[in-house]
Every structure is written in C-alpha cells, then in structure tokens.
Amino acid sequence: MKLITAVIKPFKLDDVREALADIGVSGITVIEVKGFGRQKGHTELYRGAEYVVDFLPKIKVEIAVDDALVEKVIEAISGASRTGKIGDGKIFVFDLQQVIRIRTGETGPDAL
Amino acid sequence: MRYVTTRRGLIAALGGLLTLIPLLAFADQATPKLDSGDTAWMITATALVLFMTVPGLSLFYGGMVRSKNVLSVLMQCFAITSMVSILWAVYGYALAFTDGGSFQSWIGGVGKVFMKGVGVNAVSGTIPETVFMTFQMTFAIITPALIVGAFAERMKFSALMWFMGLWLSVVYVPIAHWVWGGGWLGSLGVLDFAGGTVVHINAGVAGLIAALVLGKRNGYPTTAMPPHNLTLTVMGAGMLWVGWFGFNAGSELKADGVAGMAQAVTQIATAAAALGWMFSEWIAHGKPSVLGIASGAVAGLVAITPASGTAGPMGAIAIGVAAGVLCFLAAAKLKPMLGYDDSLDVFGVHAIGGIVGAMLTGVFADAALGGIGLEQGVTMGQQVVKQLIGVASTFAYTAVMSLIILKILDWTIGLRVADDQETEGLDLALHDERGYIL
C-alpha cells in the first residue's frame with residue numbers, strides 16, 4: 001500500500017478530484033497549506049507600507065492506494081493539475097504500513 | 001380705585017396701550033423660541049455624530065489592525081463613548097460651554113455642573129438645551145476616540161481609560177471652550193465651524209505624542225502588519241462619511257441655508273479628497289487602492305470640517321484635493337521617512353488634514369472665492385493669520401498637555417502592555433476574548 005501526497009495549485013482541485021474518480025479512486029483528504037518552491041510571491045501595499053508575501057496558498061491532497069494503482073494515480077494527478085507554469089507542485093509517494101477502517105475494523109487492502 | 005371714565009382718558013389709555021405693541025417684538029427676541037424644525041434636525045444630527053464613533057470609527061480602525069487586536073479597538077471606542085458621556089454630562093458641558101466669569105477667555109463656569117438648570121424646558125438658541133448638550137457630547141466622544149488609532153495594538157486598557165478621562169477634562173474641554181464656548185480663540189475671530197482645531201488637530205497631535213511616548217510596535221516596520229479586514233474599514237469609512245453630515249451640517253444648530261451649504265461642501269470636498277488620494281497613489285505606486293480611497297475620503301471630511309460653514313462648493317473642491325494629496329504624502333511618505341509608528345495615521349490624516357482645512361478656511365471664506373464672506377473689515381490675509389493662531393495654539397497646548405498626562409500615567413501605572421501580551425494579541429491578553437472563532 002502507498003500513501004500519495006500531492007501539493008497542487010488550489011484552482012486545480014476539482015480537476016484532480018474528477019481525474020481520480022475516473023480511475024476508481026473515491027477517497028481523498030484535502031488540506032489547505034502555504035508554501036513555495038520556485039514560484040515567487042507577490043507584493044501588497046497598505047498606505048505606503050509595502051509587504052512581500054512569499055508564502056502562496058496551495059492545496060495538499062492525500063490518497064491511500066493499493067500498489068497496483070500507484071502509476072495510474074500519479075498520471076491522473078499530474079495530468080489534471082499541470083498548467084506548464086512554475087508552481088504546479090509536486091507528488092510524493094510514501095510506503096503505507098497499515099490501514100484500518102474504523103467503522104468495521106477491516107485492515108490492509110480491504111480497508112482502502 | 002378710580003376708573004378712566006372721561007373720553008380724553010379713554011383715548012389716552014388706548015394711546016398708551018398702542019405704544020406697548022413694539023414691545024411684543026422685543027419680547028420674542030428676549031425669550032428664544034423653540035423651533036421644531038431646528039430641534040428635529042439637531043436630534044437627528046446628534047444621532048448621526050454618535051453613529052460616526054460607534055460603529056463608524058470603530059469599524060474603520062478595527063479593520064486596519066491585526067485580527068488578534070480587533071476587539072481591543074472596538075472595546076476602546078465603546079468604553080470611551082460610555083465614559084465621556086458621563087463625564088460630559090457631569091462637568092464637561094458646564095466647563096466648556098458656560099460663562100467662566102473672570103476666566104471666561106480660558107474656561108467656563110461650574111453653574112451647570114451635574115446638569116443643574118438644564119431641564120426639560122431649558123432652551124439654547126432655538127433648540128432644547130439638552131439637545132445642544134448631547135450634540136456637543138458626541139463631539140467630546142469622538143475626539144478622544146480618534147486618538148486610539150495612534151497607539152493601537154500596544155496600550156493597556158486601564159491606562160487608556162485614565163488617559164482619556166484626564167485628556168477630555170484638561171485638553172478637550174478647554175480647547176472647546178476657547179473656540180466655541182466664548183473663549184479667546186472664538187473672540188479673536190478664528191473660524192472653526194465644526195471642529196478642525198477642537199477635534200482634528202487636537203486629536204491628531206495628541207496621537208503623534210502618544211505614538212512617540214509609547215514607542216513602536218514590536219517588529220515595526222520590518223514585520224508585516226497589514227490590515228486584517230479592509231471590508232470593515234471601508235464600511236466604517238462609509239459610516240463616517242454619512243454621519244459627518246450630522247457633524248458639519250449639524251454645527252449650524254439650525255435647519256437653514258448654512259446647514260444645507262455645509263452638507264453640500266462636505267460631500268464635495270470628501271469626494272474630491274477621495275479622488276485626490278486615489279490618483280496620487282495611482283501615480284506614485286502604479287495601482288489605486290481601496291484603503292487609499294477610503295483614507296482620502298476621511299482626509300477630506302477632516303479638512304472640510306472647519307470650513308463647512310464658510311466655504312462654497314468650488315472652494316470645497318480645492319480643500320478636498322489639497323487634503324487628499326497632502327494627507328497621502330503624510331501617511332505614505334512622511335511617516336515611513338521619519339519612522340514613527342502612528343499605527344493608523346491619526347497624525348497624518350487628522351492633524352495634517354485639520355491644519356490644511358483650518359488654514360484654507362481662512363482663504364475660502366472670502367466671497368470672491370465663493371465663500372460666505374469674511375468678517376467686516378477683515379482681509380483674507382488677516383483671517384489666515386487668525387487661523388494660524390488657532391492652529392498653533394491648539395497644536396502647542398495639546399502637545400504639551402498630552403505629553404504630561406502620558407508621562408504621569410507611564411510613571412504610575414505604565415502605558416504599554418508586556419511583550420508577550422503584545423505578541424499574543426490584546427483581545428486574548430486583556431479581554432479573554434477572540435474576535436473570530438472560525
């Protein structure tokens with residue numbers, strides 16, 4: 001099992017969700033985050049006081065998947081969230097040790 | 001008793017009665033008559049001016065501070081409103097607006113302390129005296145509330161209450177008396193229709209002194225401290241604009257042509273100043289901002305205040321543009337250059353705007369420039385000198401007295417919150433409350 005984490009541009013969330021649903025992934029966790037890689041921030045101005053805002057709002061999505069689906073999920077997320085401009089984000093893949101469905105107590109791939 | 005029975009006697013008696021008729025006219029002048037139109041307007045104007053403080057100024061300032069301090073600003077404005085209302089009714093009104101006998105040039109008397117004699121039927125001009133008193137109370141409320149912006153986000157609440165109570169008593173009340181209560185500035189012929197000196201220069205300079213005495217906020221100017229909610233600020237600015245009709249047009253104390261013109265010039269000058277600040281910022285920084293246009297409007301409101309009873313519509317445009325441009329420069333250029341942390345630009349908008357307005361009042365009162373006309377025998381130059389005296393004396397008195405009060409409070413109870421309280425935010429540290437539980 002793998003935990004796939006992707007940091008994407010916020011306006012791409014709906015596209016990513018749809019693309020994942022198309023390949024049969026229905027569970028997803030979404031977190032609002034701030035960050036930057038190579039994308040520059042912006043300046044704000046209040047009565048002559050200028051501030052540079054480095055941190056940009058991003059969305060992090062987390063999906064727990066069976067090993068067999070990993071490549072398809074990466075392709076789906078990449079395709080849906082890519083704009084071609086700096087700041088598109090990154091995808092991280094982690095080994096997932098255990099998964100438990102709380103309602104039924106199922107474990108492992110059955111709980112995905 | 002002997003009755004007049006002869007014909008000659010009757011004619012003489014009738015003639016005698018006829019001579020009394022002119023006295024009826026004098027009787028009207030001797031006992032002022034209540035005018036219901038004036039009274040209705042002034043009761044309304046009073047409400048409008050209170051609206052300027054709660055909620056107007058409260059929201060204007062509240063939106064400009066960081067979210068962890070929003071309640072502290074609202075609390076300060078509300079508490080000042082409450083405290084000043086009482087102090088004014090008990091002694092402020094009397095000392096500002098009654099005859100001080102041999103001290104009349106400097107301060108009023110104590111005859112109306114505790115509202116003695118100001119009952120249901122007391123009349124002031126053509127309105128009930130209670131209405132006049134409450135109208136003036138709303139001015140006494142907003143003036144100290146304006147100062148709050150200068151030391152926002154770092155002042156102790158207890159120290160604030162002491163400062164405002166003392167400041168009202170020894171700074172606002174005397175200056176109000178000097179200009180409006182029969183004191184030396186009014187007698188000198190200084191023109192200040194609705195409070196350019198009494199309210200704005202007064203509060204603005206006191207604000208600068210307070211900002212300097214309390215010192216900069218921790219992290220200023222390198223830490224970003226942008227306004228947390230400009231939607232509140234713009235709402236507040238709108239409320240100030242609307243309420244200001246009560247402030248300026250109400251200062252005529254009557255519902256007449258002067259009040260109508262006061263409203264007109266208020267609107268025109270404010271609009272001109274809003275555009276003045278907006279275009280100045282557009283040129284200077286490349287984009288117009290909503291904080292800029294709202295601040296410009298307030299600057300215009302401030303500047304037209306002393307001139308609202310004497311300037312004409314075209315003069316109002318000039319006053320507005322001057323205020324918009326100069327206050328923009330004061331807030332956006334002068335302040336960062338000199339480095340003081342007048343957090344919400346109380347000096348930049350109210351002192352500078354007030355000075356611009358007070359000086360230009362002398363210019364645009366001239367009938368040749370569309371004004372109501374200068375006093376008989378007074379030239380524009382002479383009027384401008386009188387204005388300068390008004391400005392300078394207000395500036396000096398409030399600066400010195402504010403400094404003394406602040407220093408005494410600093411030595412006794414301390415003015416500023418502790419560093420960790422400032423970091424945590426005043427709402428939690430001083431009030432155990434959060435403005436937003438989202």
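These legends walk through close-up views of a predicted model with chains A and B.

**View 1. Chain A combines two helices with six strands.** Following the sequence from start to end, the elements of chain A come in the order β-α-β-β-β-β-α-β. With a radius of gyration of 17 Å, chain A lies well over the 13 Å that the globule rule gives for 112 residues, so it is more spread out than a compact globule. Its C-alpha trace covers about 60 × 30 × 20 Å along the principal axes. Buried residues account for 18% of the 112 residues of chain A. If you look at contacts in chain A with a separation of 6 or more, 70% of them come from residues 24 or more positions apart.

**View 2. Two loop glycines of chain A, A:Gly27 and A:Gly37, are exposed.** A:Gly27 sits in the loop that links helix 1 (13-22) to strand 2 of chain A. It has 10 other C-beta atoms within 10 Å, and residues with 12 or fewer count as exposed, so A:Gly27 falls in that class. Although A:Gly27 and A:Ala64 are 37 residues apart along the chain, their C-alpha atoms are separated by 7.9 Å. A:Gly37 belongs to the loop between strand 2 (29-35) and strand 3 (42-46) of chain A. Here the count is 12 C-beta neighbours inside 10 Å, so A:Gly37 is exposed too. From A:Gly37 to A:Lys72 there are 35 residues in sequence and 25 Å in space, C-alpha to C-alpha.

**View 3. Chain B is built from 16 helices and two strands.** The radius of gyration of chain B, 24 Å, is close to the 22 Å that the globule rule gives for 438 residues, so chain B is as compact as a globular protein of that length. Along the principal axes, its C-alpha trace spans about 100 × 45 × 40 Å. In chain B, 54% of the 438 residues count as buried. For contacts in chain B between residues at least 6 apart in sequence, 78% bring together residues at least 24 apart.

**View 4. Helix 8 (residues 196-214) of chain B packs against helix 14 (residues 380-412) of chain B.** The two axes are 8 Å apart, at an angle of about 40 degrees. That angle makes helix 8 of chain B oblique to helix 14 of chain B. Their crossing is right-handed. On the helix 8 side you will find, among others, B:Ile201, B:Val205, B:Ile209 and B:Val213, while helix 14 contributes residues including B:Phe395, B:Leu403, B:Lys407 and B:Asp410. By class, this contact has 11 nonpolar, six polar and two charged residues.

**View 5. Helix 9 (residues 230-249) and helix 10 (residues 257-285) of chain B form another packed pair.** Their axes lie 9 Å apart and make an angle of about 140 degrees. These helices are therefore oblique to each other. The crossing of helix 9 with helix 10 in chain B is right-handed. B:Trp241, B:Trp244, B:Phe245, B:Asn248 and B:Ala249 of helix 9 meet B:Ala259, B:Ala262, B:Gln263, B:Thr266 and B:Thr270 of helix 10. Six of the residues in this contact are nonpolar and four are polar, with no charged residues.

**View 6. Two cis peptide bonds in chain B precede prolines.** One runs from B:Val54 to B:Pro55, with omega near 15 degrees. B:Pro55 is part of helix 3 (residues 36-62) of chain B. The other joins B:Tyr220 and B:Pro221, where omega is about 0 degrees. B:Pro221 is found in the loop between helix 8 and helix 9 of chain B.

**View 7. B:Glu153 and B:Asp345 have positive phi values.** Phi is near 75 degrees for B:Glu153, which lies in the loop between helix 5 (129-147) and helix 6 (157-180) of chain B. B:Glu153 has 22 other C-beta atoms within 10 Å and is buried. For B:Asp345, phi is near 60 degrees. B:Asp345 lies in the loop between helix 12 and helix 13 (346-364) of chain B, and is buried with 27 C-beta neighbours inside 10 Å.

Notes
Residues numbered from 1 in each chain as written. Chains lettered and ligands numbered in written order. Predicted model: local features only at pLDDT ≥ 70, side-chain atom pairs only at ≥ 80, totals over all residues. Axes fitted to C-alpha atoms, helices over the stretch in contact; angles between N-to-C directions. Helix = DSSP H or I, 4+ residues; strand = E, 2+ residues; numbered from the N terminus. Parallel < 35°, antiparallel > 145°, perpendicular 65-115°, else oblique. Left-handed = near helix turned anticlockwise from the far one by under 90°. Contact = placed C-beta atoms within 7 Å. Nonpolar A, V, L, I, M, F, W, Y, C, P; charged D, E, K, R; others polar. Rg over C-alpha atoms; globule rule 2.2 N^0.38 Å. Buried ≥ 20, exposed ≤ 12 C-beta atoms within 10 Å, placed from the backbone.
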